[in-house]
Amino acid sequence: MALQTAEAGTGPADAERGSPGDKPVESLHRVVIRIAGDSGDGMQLTGDRFTQETAAYGNDLSTLPDFPAEIRAPAGTLPGVSAFQLHFADHDILTPGDAPDVLVAMNPAALKTNLKAVPRGGTVIVNTDEFTSRALKKVGYEQDPLQDGTLDAYRVHRVALTSQTVKALDGHPLSRKEAERAKNMYALGLLSWLYHRPVDQTLRFLEQKFAKRPEIIAANRAAFQAGWNFGETTEEFEVSYEVAPASHPAGRYRNISGNPALAYGLVAAAQRSGLTLFLGSYPITPASDILHELAKHKAFGVRTFQAEDEIAAIGAALGASYGGALGVTTTSGPGVALKSEAIGLAVSLELPLVICDIQRGGPSTGLPTKTEQADLLQAMFGRNGESPVPIVAPRSPADCFDAALEAARIALTYRTPVFLLSDGYLANGSEPWRIPRVEDLPDLTVRFARPEEYQGAPFMPYQRDPETLARAWALPGTAGLEHRIGGLEKADVTGEISYDPANHDHMVRTRAAKVAGIAKTIAPLEADDPSGEARLLVLGWGSTYGPAQAACRLVREQGGQVAHAHLRHLNPFPPNLGELLARYDRVLIPEMNLGQLALLVRAQFLVDATGYNKVRGLPFTSTELAEEIGRILLEVASRSVEGAKNFHA
């Protein structure tokens, strides 16, 4: 069955645009495009629209938005550059690409910041209008890079994007400044022609976004059309390119980024459990989009509350859980620090709560728009006392949906707070997502305590399910189920306040056993080891999945043998993890931190794992991981040869 898209568009030979003309068409298997300019140039919008067109066309894709934290970064400066990278292909891909094949630089700052990432021979499209002496001086260019040989190693297309946009909008009721702002649509039109992208979605998007400004709709359409026509008619571009749709399993697809996928997963969990979804949240980058998305879904019974601070947000979510809702709070690393006391309270109350930590660069406010996965130890240990909390992590933007369902399952089944550790790379990146059928989603039906079950006997709020060790969930206000809650230690079974040393020891161990027991419901971890002869295992978690899996493919294509396993559950670990690790001579753990998972693995399994660690605010490239894997494989082979010599000696 052919791939279907949720938002189907036309093909490259769109009737309104006409065909790309008589120029030669070159077929490619994959392309990586990076569009860069000032943060006010609409680069993220341009990249997003090109991505939507690419998704409608049926390519596999992966994206990497990269932008400053400032709402309005200084124009024309290196720190103010905003970029969007898109990798699309006619086959399955896993990353947004290690390096761009094509760079669109809207000004000198964008060129200087991004040119070093473009391989020699790559294509560079520059907006010549912005290469003024003042703009060049602002970013430290002593000579014009368009003239001094800086770009000699590249295929360069010089396009006067700004002035041609203004010329195209002559006669529109706009100021020159307003007309210049449409240059991103001109660039999008040009790229759409160059890569045969469908355009109907973008035109509909413009009509919806600027529905109250018909003059802006007309201007953006005109700029988009002008860019498309420029590509078709100019001699600057002699060839256009075509990347065929990828082959996907049958189903209904849409393009999705991590935060909406996570929000949809939470909505699905609430629907499958029959509970109201309550989100208590305080806005923080890069988690805020989840609040924005969930606020749209009141029709599904979703209730959102934008609190005055992080503490109030989690307090409200925990209160909602007490009242019988699926309580959720979203934040990023600094917010987790503020919520830590309330998370400990949730551990003590033994109520379900999902804590979504969309990690970013730290410490403190750190790098708000850059990615990192350095909150693992904070999620594990960032509370007072013995207060274990389960942790799950998605591995891709679309996987955020399934991770949210799993976090909710654990929270509702075991009456415990659960960490969901996503990160900025997943939150903002996107990929095709096959929309699941409702009947295929897990049944999360919740059973509340009922007075008739006790037949007149006193309600025992800390009496536990013998299988899960979860205590009863009693709705407040239910006659016969009155009970005390709070952060003070409770007596086992009765729930009365207790300072008895033996009871405290028992309760601490019971809560730990409850979390450890979750491992019984986790599927055994499987290694991707095609030959079965690998002696090196790459073990990852979170957003390193794509680069690590792509790196393993590269190594295997070159004849190396390497296995790859990826963790969904960080606490507790899958029950067979120790046995899996013991199969391999070496274990490599790539992390965007200084070795947090490696620390846990070493401590629990006494495995001398090797870390590959960088905290640059950007995801790993598959190439650098492949090089590290190759280096370790050479070490393993060398030691084998040395061992054989010693044996024979």
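This is a dialogue on how to read the sheet, a helix pair, the salt bridges and one strand residue in a predicted model.

Reader: What should I keep in mind about numbering and confidence before I start?

Author: Residues are numbered from 1 along each chain as its sequence is written, and in this predicted model local features need pLDDT of at least 70, side-chain atom pairs count only at pLDDT 80 or more, and totals for chains, interfaces and linings use all residues. Side-chain values use heavy atoms, with hydrogens and water left out.

Reader: In what order do the strands of the open sheet run?

Author: Strands of a sheet pair through backbone hydrogen bonds, either parallel or antiparallel. Here 7 strands form an open sheet of mixed pairing, in the order β12-β11-β13-β14-β16-β15-β20, and the edge strands, each pairing on one side only, are β12 (303-306) and β20 (569-571). Strands are DSSP runs of E with at least two residues, helices are runs of H or I with at least four, and both are numbered from the N terminus; two strands pair if DSSP finds at least two bridges between them. Within the sheet, β13 (residues 326-331) and β14 (residues 353-359) pair in the parallel sense over 4 bridges, and Thr331 has Asp357 in β14 as its bridge partner.

Reader: Which strands does helix α9 lie across?

Author: Helix α9 (residues 258-273) lies across β11 (277-281), β13, β14 and β16 (417-423), and runs at about 175 degrees to β14. Axes are lines fitted to C-alpha atoms, for helices over the stretch in contact, and angles run from 0 to 180 degrees between N-to-C directions.

Reader: At what angle do helices α4 and α6 pack?

Author: Two packed helices are described by the angle between their axes and the distance between the axes. Helix α4 (residues 161-168) and helix α6 (residues 183-194) pack at about 100 degrees, with their axes 9 Å apart, which makes α4 roughly perpendicular to α6 (angles under 35 degrees count as roughly parallel, over 145 as roughly antiparallel, 65 to 115 as roughly perpendicular and the rest as oblique). Leu161, Thr162, Gln164 and Thr165 in α4 meet Lys183, Tyr186 and Ala187 in α6, where contact means heavy atoms within 4.5 Å.

Reader: How many salt bridges does the structure hold, and where does the pair Asp528 and Arg556 lie?

Author: Side chains of opposite charge can pair when their charged atoms come close. The structure holds 32 salt bridges, each a side-chain nitrogen of Lys or Arg within 4 Å of a carboxyl oxygen of Asp or Glu. The side chains of Asp528 and Arg556 meet in one of them at 3.0 Å, N to O; Asp528 lies in the loop between α16 (501-516) and β18 (536-541) and Arg556 in helix α17 (residues 545-557), so the pair ties together parts that are 28 residues apart in sequence. Glu293 and Lys296 form another, at 3.4 Å, N to O, in which Glu293 is buried at 10% relative accessibility, whereas Lys296 is exposed at 59% (buried means under 20% relative accessible area, exposed over 50%, partly exposed in between, with a 1.4 Å probe and protein chains only). Glu350, Arg464, Asp492 and Lys514 are linked in a network of salt bridges.

Reader: Is Glu431 buried or exposed, and what is Glu431 in contact with?

Author: Glu431, in strand β17 (residues 430-434), counts as buried at 18% relative accessibility. Leaving aside neighbours within four places in sequence, the contacts of Glu431 include Leu61, Arg254, Ser396 and Asp399.
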